Amino acid sequence: MRGLKILVVVMGVLIVAGTLGLVVALVQKVGGGSPTAEGIALRQPAGSAIEGVSAAEGLVTIWVRRPDGDRVLLVDSKRGRVSGEIRLGE
């Protein structure tokens, strides 16, 4: 009976360790290694404010309110740089 208890505990530990290993591998595969982890500089003029952010596949859009008019910045999340700009109200 004692051997069975030890076997059950060991198998339980192996199940927990395997599950944790699987979770760590999934997190690394899905969210790890992006070049934008360090951040990017938007280089907007003084008085600018971020009003909204939205993300889609490989693209992040940032609505920026600037003294000279609103802009929507298109950020390529894979390369970590601003790839375009849409001027609003012109």
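E51 comes out as partly exposed in this predicted model, with a relative accessibility of 38%. Its side chain meets that of R65 in a salt bridge, at 3.6 Å from N to O. The contact ties together distant parts of the chain, since E51 belongs to strand 1 and R65 to strand 2, 14 residues apart. R65 is likewise partly exposed, at 39% relative accessible area. R65 has another acidic partner too: its side chain and that of D70 form a salt bridge with an N to O distance of 3.5 Å. D70 is buried, because its relative accessible area is 15% and the cut-off for buried is under 20%.

These contacts belong to a total of 6 salt bridges in the structure. R71 and D68 make one of them, with 3.3 Å between N and O. Here the arginine is the hidden partner: R71 counts as buried at 5% relative accessibility, whereas D68 is partly exposed at 44%. Both residues also sit in a salt-bridge network that links R66, D68, R71, E85 and R87. Side chains of opposite charge can pair when their charged atoms come close.

Now for the overall layout. The protein has 1 helix and 4 strands, and from the N terminus on the elements run α-β-β-β-β. Over its principal axes, the C-alpha trace covers about 80 × 20 × 20 Å. The radius of gyration is 24 Å, while a compact globule of 90 residues would come in near 12 Å. Burial is set out the following way: 13% of the 90 residues count as buried.

The 4 strands make an open sheet in the order 1-2-3-4, paired antiparallel. Strand 1 (49–56) and strand 4 (81–87) are the edge strands, each with pairing on one side only. From one strand to the next, the twist averages 20°. Strands of a sheet pair through backbone hydrogen bonds, either parallel or antiparallel.

Looking at the pairs in turn, strand 1 and strand 2 (residues 59–65) are antiparallel and share 7 bridges. Within this pairing, G52 has W63 of strand 2 as its bridge partner. The two strands form a hairpin with 2 residues between them, and G58 in the turn has a positive phi of about 70°. Strand 1 lies largely in the open, because 0 of its 8 residues are buried.

Strand 3 (residues 71–76) and strand 4 also run antiparallel, joined by 6 bridges. L74 stands opposite G84, a residue of strand 4. This hairpin has 4 residues between its strands, and its turn holds G80, with a positive phi of about 75°.

One backbone angle outside the hairpins deserves a mention. Most residues other than glycine have a negative phi. R43, which is not a glycine, has a positive phi of about 50°. R43 is found in the loop between helix 1 and strand 1, and it is exposed, with a relative accessibility of 72%.

Back at the N terminus, M1 sits in the segment before helix 1 (2–31). M1 is exposed, as its relative accessible area of 77% is over the 50% cut-off. Together with L4, L7, V8 and M11, M1 makes a nonpolar surface patch of about 550 Å².

Technical notes. Residues numbered from 1 in each chain as written. Heavy atoms only, no water. Pairing = 2+ DSSP bridges. Axes fitted to C-alpha atoms, helices over the stretch in contact; angles between N-to-C directions. Patch = residues over 30% accessible without salt bridge, like charges linked within 9 Å, V, L, I, M, F, W, Y side chains within 5 Å. Areas by Shrake-Rupley, 256 points an atom, 1.4 Å probe, with all protein chains shown as cover. Salt bridge = Lys/Arg side-chain N within 4 Å of Asp/Glu carboxyl O. Buried < 20%, exposed > 50% of the residue type's maximum accessible area, 1.4 Å probe, protein only. Rg over C-alpha atoms; globule rule 2.2 N^0.38 Å.
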